[in-house]
Amino acid sequence: MRIKSRLCEKDHGFFRKKHLYCLKLAFNEPLLDTMPNLQTCIRIVLMAAAGIAVSAQAETLQLSWQAVTQDTLGQSESAPLYYAIHIDTLPTFSPSPENLLAATTATSYTLPTQTGKNYFVVIRVYDSWGNASDYSEKAGSVPWVVGEVRLQLEGAYDAAGDSMRTILRQRDLLPLHSPYSAAARETETVPESTVDWIEVQLRDAEDPAVIRSRKSFFLDQNGYARELDGTTQLGLTGVGPGSYYIAVSHRNHLAVMSAQPQLLQTEASEAYDFSDDGARFYQNGGLELEPGVWGSISSDANHNGQVQNNDKNDYWRTQVGLSGYREADFNLNGEVQNNDKNDYWRRHVGRGTQVP
Ligand SMILES: [Ca+2]
Ligand SMILES: [Ca+2]
């Protein structure tokens, strides 16, 4: 109902006629709730839009779909029907008044877009009386899958609090752009619960050395990777539903990967949780941070997959005494100090990532 009234406010002009929902409001709502048959009987549900094609051109996006001609009972629906288009750049979006693009009686729509962005679309159909369809299946300008992942970083982990410290965020040291150039991303704000940026990668199930998709996300204090809008549902593009190894990379920790490929779909499934079992890490590449809690290993200042002498000599030694967002700040507290070397680097020197 709210969507419809918002549409009216926006003066799309197609709900000015007598609405069926007005009829519904004329009834006592609790009465309707107790009489679902009555509600069913007065509601006409249109077939959802199908066959949605989203085609990205140089500077435009072209949408098209099949005309709806029936309701769900098979009765024919006569024109005009109105297609309300919802659009967003995240494949995990939910349709709302905020992402309503337009309503049209046509079965196609063209809009200007920004090069390099991906777009995802959901359509809902209305008739002149305000009867609606369900939302359509989501369609995108690129294929995508959705996953969830949870990982603790050794450097930030606080065993006493069973969570990670957010000191870099508290001191306002986290950059507004991702530090991972291959997965460049910008944000306007960083949520208070953020530990740092991470990069999530999907790797080929047959050859895990091959990165099929990658994207930067926030890591929160409980270990959940989060989209910039806060959801833990991570949309990864360029690959369709299937099985992939899930790898997580951090700028000064050793990258980790799921022990086995994971089946991912276009809707979120259960989170892959590296935290609670060392067997969840590919080739046992994790570290037990406290009994029963596992995470990734700190001290790889130059992010080359190995904790070596040059991580100390070329980074820690040149940065010790400095504060800020530093490679050699192995415990992520905003300062490069002796304990970064003594408690982290010294403990792990000689170790390397197990991610190929
Ligand atoms: Ca290194
Ligand atoms: Ca430090």
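Let me start with a stretch that calls for caution: over residues 35-41 the pLDDT stays under 50, and for these residues the model has two contacts beyond four places in sequence. What we are looking at is a predicted model, and residues 1-32 also have pLDDT under 50 throughout, although for that stretch the model has 31 contacts beyond four places in sequence. Where pLDDT is low, the predicted coordinates should not be read in detail, so I will leave both stretches there and go on to other parts of the chain. For the protein chain as a whole, the mean pLDDT is 90, and 88% of the residues reach 70 or more.

Let me turn to a sheet. Three strands make up an open sheet, in the order S1-S2-S5, and their pairing is antiparallel. The edges are formed by strand S1, residues 53-56, and strand S5, residues 108-112, each of which pairs on one side only. From one strand to the next, the twist averages 15 degrees. If you look at the pairing of S1 with strand S2, which covers residues 60-64, you will find four bridges in the antiparallel sense, and within this part of the sheet Ser55 stands opposite Gln62 in S2.

Following the chain onward from S2, we come to the loop between S2 and strand S3, the latter being residues 81-88, and this loop is the place of Pro80. The peptide bond that leads from Ala79 to Pro80 is cis, and its omega is near 5 degrees.

I would also like to show you two residues whose backbone deserves a look. For Asp162, phi is near 50 degrees, which is a positive value in a residue other than glycine. Asp162 sits in the loop that runs between strand S11, residues 157-158, and strand S12, residues 163-164. Is Asp162 exposed or only partly exposed? With 13 other C-beta atoms within 10 Å, Asp162 is partly exposed, because the exposed class takes in residues with 12 or fewer such atoms.

The second of these residues is Gln283, where phi is near 55 degrees, again a positive value in a residue other than glycine. Gln283 belongs to the loop between strand S20, residues 272-273, and strand S21, residues 287-290. Here the number of other C-beta atoms within 10 Å is 12, and therefore Gln283 counts as exposed.

Conventions: Residues numbered from 1 in each chain as written. Chains lettered and ligands numbered in written order. Predicted model: local features only at pLDDT ≥ 70, side-chain atom pairs only at ≥ 80, totals over all residues. pLDDT = per-residue confidence, 0-100. Contact = placed C-beta atoms within 7 Å. Pairing = 2+ DSSP bridges. Axes fitted to C-alpha atoms, helices over the stretch in contact; angles between N-to-C directions. Buried ≥ 20, exposed ≤ 12 C-beta atoms within 10 Å, placed from the backbone.
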